[in-house]
Every structure is written in structure tokens, then in C-alpha cells.
Amino acid sequence: MTHEPAATPAPRRPEPPTGWRGAAFRLPVHMFRMGLGPLFGGRLLLLVHTGRVSGLPRRTAVEVVEAGTHEGRACWTVASGFGPGADWFRNLQRTPHATVQVGRRFHAVTAQVLTAEEGGELMTRYAPRHPRAARRLCAGLGFTVDGGAEDHRRVGESIPFVRLTEGAARASGPRR
């Protein structure tokens, strides 16, 4: 389950924040844990995933790019703005079963990394709904965009997106 990068790689990936910026970046995690998840209005969710090395639960707040249904089940699609090297992204690749908290509700989910083409389509839908957030994301990744669909598609093809679908994954091979 690897993300295939687009033909034109992103000019740069931002470094994860450290120091006081890192603490501010983690603030939504603490807000969810205090029961303040509804304040985010569904734009953020708390992802509880399993550490690939430690095996311990890890918590990360991520922005919901799109919410809806997939194969008749509730799903939320999120983006790894820090790229395929982000810890939460790598953890989900190792153990795709996780839990999300949206508002005050918890949902058991299974993660699926989207293809670059699906990411491009997703970004073309996201940008018109959230133009300021899309501009900030593109600028943060070093892209110069004119606001058109093709520019957003190009950016979306270089960002790893993950669909978090409620319920257990369907068996796709022999059991171990």
C-alpha cells in the first residue's frame, strides 16, 4: 500500500513543526481529549492509530478533506501534508485499523491510501469548497497555482490521501 508520486514531484515538503510551534500544532489533540471536538465542526478529526514500532496507541489531529460514504459506509478522507514520511501515515500503512473521533463520536475505521489520480480528483473538488485553505496548502508545499482545476489536480497528485472507512476491511487474501 504505497502512494505513487505524480510525475512532477512537489517542490518541497514542509518539516514537521518543533518547539512551541509543535506544541501549538498538537493543541487540537488535547482539545479532542477534553471533549471539545465539536468545536472543529467536522473539519478536523482525531485519528487514534497504532505505532508501527512501539505498538502503542498514537493520536493525531488531521483535517478532513472530504466526508461521505464509500461502499455504503461512512468515510472520511484526510491528507498527509508532510508527505508519505509522516508518522501517522506510515503507521496506517503498517496497521490500517484505527479509530477516529469526529466531534464526540468514535468510529472504528480501516485506512486505504488513495492513488495519485484519486488524489488529483479529490483536490479539484476540495479547492473550490475551501479556496483559502487550498491556497495555503499549495503555498506551504511550494506550489504556485493560478486557482484552476489542473493546477489543483497536479498538487493533489503529489499529496498522499487516505480514506478512513467505517467498519472492518473485507478479506482480500488468505488469512494468516
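# Exercises on helix 4 and its surroundings

**Exercise 1. What span should the 14 residues of helix 4 have, and how far apart are its end C-alpha atoms?**

Solution. Let's start with the rise: take 1.5 Å a residue, applied to one less than the number of residues. For the 14 residues of helix 4, that gives an expected span of 20 Å. Next, look at the ends: the end C-alpha atoms of helix 4 are 20 Å apart, so the two values agree. Keep in mind that this is a predicted model.

**Exercise 2. Place helix 4 in the overall fold: how many helices and strands does the protein chain have, and in what pattern do they follow along the sequence?**

Solution. Count first: the protein chain has six helices and six strands. Now read along the sequence, and you get α-α-β-β-β-α-β-β-α-α-α-β. As for burial, 40% of the 176 residues count as buried. Finally, check the contacts with a separation of 6 or more: 65% of them come from residues 24 or more positions apart.

**Exercise 3. Work out how helix 4 crosses helix 6: which angle do their axes make, and is the crossing left-handed or right-handed?**

Solution. A quick reminder on what to look for: a pair of packed helices is described by the angle between the axes and the distance between them.

1. Distance and angle: the axes of helix 4 (residues 116-129) and helix 6 (residues 149-158) come within 7 Å, crossing at roughly 135°.
2. Class: roughly perpendicular ends at 115 degrees and roughly antiparallel needs over 145, and helix 4 and helix 6 are therefore oblique to each other.
3. Hand: the crossing of helix 4 and helix 6 is right-handed.
4. Residues: on the helix 4 side you'll find A116, G119, G120, E121, M123, T124 and A127, and they meet A149, H152, R153, V155, G156 and E157 of helix 6.
5. Chemistry: the residues of this contact divide into five nonpolar, five polar and three charged.

**Exercise 4. Repeat the job for helix 4 and helix 5: at what angle do their axes cross, and how many nonpolar, polar and charged residues does the contact have?**

Solution. Here the axes come within 5 Å and cross at roughly 125°. That makes helix 4 oblique to helix 5. M123, Y126, A127, P128 and R129 of helix 4 meet P131, A133, A134, L137 and C138 of helix 5. Sorted by class, the contact has nine nonpolar residues, no polar ones and one charged.

**Exercise 5. Which residues of helix 4 are buried, and what covers them?**

Solution. The buried ones are A116, G119, G120, L122, M123, T124, Y126 and A127. Their cover includes strand 2 (57-70), strand 3 (73-79), helix 5 (131-140), helix 6 and strand 6 (161-166).

Now zoom in on T124, which lies in helix 4. Its relative accessibility is 16%, so T124 counts as buried; the cut-off is under 20%. Skipping residues up to four places away in sequence, T124 touches A149, H152 and R153. The C-alpha atoms of T124 and R154 are separated by 9.2 Å, with their positions 30 residues apart along the chain.

**Exercise 6. Where is T60 found, is it buried or exposed, and which residues is it in contact with?**

Solution. T60 is found in strand 2. At 17% relative accessibility, T60 counts as buried. Leave aside neighbours within four places in sequence, and its contacts are R26, V29, L45, L46, L47, H49 and W88. Take R26 from that list: T60 and R26 are 34 residues apart in sequence and 7.6 Å apart in space, C-alpha to C-alpha.

**Exercise 7. Locate F89 and L141: are they buried or exposed?**

Solution. F89 belongs to helix 3 (residues 87-94). With a relative accessibility of 1%, F89 counts as buried. C-alpha to C-alpha, F89 and P160 are 8.5 Å apart in space, and 71 residues apart in sequence.

L141 sits in the loop between helix 5 and helix 6. At 1% relative accessibility, L141 counts as buried. Its C-alpha is 7.7 Å from that of G81, 60 residues apart in sequence.

**Exercise 8. Where does E71 lie, and what is its phi?**

Solution. E71 lies in the loop between strand 2 and strand 3. Its phi is positive, about 55°, although E71 is not a glycine. For background, most residues other than glycine have a negative phi.

How values were computed: Residues numbered from 1 in each chain as written. Predicted model: local features only at pLDDT ≥ 70, side-chain atom pairs only at ≥ 80, totals over all residues. Heavy atoms only, no water. Axes fitted to C-alpha atoms, helices over the stretch in contact; angles between N-to-C directions. Helix = DSSP H or I, 4+ residues; strand = E, 2+ residues; numbered from the N terminus. Parallel < 35°, antiparallel > 145°, perpendicular 65-115°, else oblique. Left-handed = near helix turned anticlockwise from the far one by under 90°. Contact = heavy atoms within 4.5 Å. Nonpolar A, V, L, I, M, F, W, Y, C, P; charged D, E, K, R; others polar. Buried < 20%, exposed > 50% of the residue type's maximum accessible area, 1.4 Å probe, protein only.
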